Amino acid sequence: MKYPRINQDLFILNRNNFVKKLKNNSLAIFQSSDEFPRSGDQNYIFKQNPDLFYLSGIDQEQTILLLYPDCPNPMYRQVLFLRQTNDHIKVWEGYKYTKEQAKATSGIEAIYWLEDFDNILHSIVNYADNIYLNTNENDRYAHSVPYRDIRFISEMRSKYPLHHYERSAPIMRDLRSTKSEIEIELTKKACGLTRDAFLRVLKFTKPGVKEYEIEAEIIHEFIRNGATGHAYTPIIASGHNANILHYNDNNQVCKDGDVILFDFGAEYANYNADMSRSIPVNGKFTQRQKDVYNAVLHVMKEATKLIVAGTVLSTYHEAVGEIMSEQLINLGLLSTADVKSQNPAWPAYKKYFMHGTSHHLGIDVHDFAGRYAPFSEGNILTVEPGIYIPEEGLGIRLENNILITSTGNIDLMAHIPLEAEEIEDLMNS
């Protein structure tokens, strides 16, 4: 890993919070992510299962976590199983956790090699009444491939068909949405790395550069400062490309007079930043570009005021839609008649702002949280309104990351340039 070891108190706290939610005499098992082939003799870079990482801090493939707080054998109430290294792995793959390192990282005393898992599980599972197993229940995901968790469920039901099975995901959904102080600090670090990369590209961007050259500047800044890499595939969308919401070809020339829409963020210690900015290629917005920019900025600022404990996502998006409709009328893109006669299922503003305004942020960029649960203290959410005008070859999106606290919300990206004039000054300084 590129990041220093995280304080194990985070993972001890997370496990304690999780096991408090289990039914009496229950056993829970978490699997690491699969390793996916990239080519004939390569795998994609490994990305840990976020739930297993949340509970253990272990950032390595072929890992299993077993939690059984009521286990009659105290040795097996928290057990971590690791892939055992050997001389061949040391030469060809390098670092793997030793038992001592895994203990220091996770705070778990009982560390075993993976080959011991079946025997240890079988020695205790029949004393448990309930078995909690995990799957990916993120609203944005629908699986078509039987990943490791799904395969393990089939295996367990075959071996132990008479046990009562429970889902870990509802517990994880409630826990992961509320960030602890250590998690907040890791997110701040990711936001700081994102700021550094943005300042770098402000100085670099000019007419004639290619989108992928800007992408290279971003990843250079991330890696040299200890980020794992991109939190997600970066969007460097100049001109008309900004109207493609998930554009990531990043292969066009940035032209004089166009605006570039950036959507990128750093990943640090598995925690993510998620930022959007829009800048003029030549360092100076036209009046029309600035008007649209300031309209988006107004919506962003007003939406941020609504990110408070107790807000419900659906009513929040309705309120933001009303604010956006007013700005689109001011820009001449909608009329009051359009708004009055709109279809409530697809309001008129959706023609120019078709995506949601906010999502939870954490170990996943679109973090695991309840769609219908009110916002609460400790949530981190994005605020990312946009206006997209294909007929003008213009798309503007602005996005910051907001932490809800007991005394109001805190913009974790307040230190990243945002005002149009500030952007212009920095580009021309």
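Which residue of β19 does I404 stand opposite? The answer is given in point 4, after the domains and the pocket have been described.

1. The model under review is a predicted one. The domain assignment of the protein chain gives two parts, domain 1 (8-177) and domain 2 (181-428). Taken over C-alpha atoms, the centres of domain 1 and domain 2 are separated by 35 Å. To the contact between them, domain 1 contributes 16 residues and domain 2 contributes 19 residues.

2. The largest pocket should be considered together with these domains. Its space amounts to about 1,100 Å³. The lining consists of 36 residues, and those closest to the centre of the pocket are K47, P50, N136, Y141 and D364. Two elements, α2 (50-56) and α6 (148-159), each give two or more residues to this lining. Where does the largest pocket lie with respect to domain 1 and domain 2? Because domain 1 (8-177) and domain 2 (181-428) both supply lining residues, the pocket lies between them.

3. The chemical character of this lining is mixed. Sorted by class, 13 of the lining residues of the largest pocket are nonpolar, 12 are polar and 11 are charged.

4. The student may next examine an open sheet of three strands, which follow the order β15-β18-β19 with antiparallel pairing. Its edges are formed by β15 (380-383) and β19 (408-411), each of which pairs on one side only. From one strand to the next, the twist averages 35°. Strand β18 (residues 400-405) is joined to β19 in the antiparallel sense over four bridges. As to the opening question, the residue in β19 that stands opposite I404 is N409.

5. Another open sheet of three strands has the order β10-β11-β14, and its pairing is antiparallel. Why is one side of β10 and of β14 left without a neighbour in the sheet? Both β10 (235-238) and β14 (275-280) stand at the edges and have a single partner strand, so each has one side without a neighbour there. With direction ignored, neighbouring strands of this sheet are turned by 15° against each other on average.

6. Within the sheet of point 5, the pairing of two strands can be followed in detail. Strand β11 (residues 259-264) and β14 run antiparallel and are joined by six bridges. Across this pair, F262 stands opposite R277 in β14.

Definitions and conventions. Residues numbered from 1 in each chain as written. Predicted model: local features only at pLDDT ≥ 70, side-chain atom pairs only at ≥ 80, totals over all residues. Heavy atoms only, no water. 1 Å grid on protein atoms, 1.4 Å probe; cavity = no way out; pocket = protein on both sides within 12 Å on 5 of 7 lines; lining within 4 Å. Points joined across faces, edges and corners; volume = space filled by probe spheres on them. Nonpolar A, V, L, I, M, F, W, Y, C, P; charged D, E, K, R; others polar. Domains from an automatic or database assignment. Pairing = 2+ DSSP bridges. Axes fitted to C-alpha atoms, helices over the stretch in contact; angles between N-to-C directions. Contact = heavy atoms within 4.5 Å.
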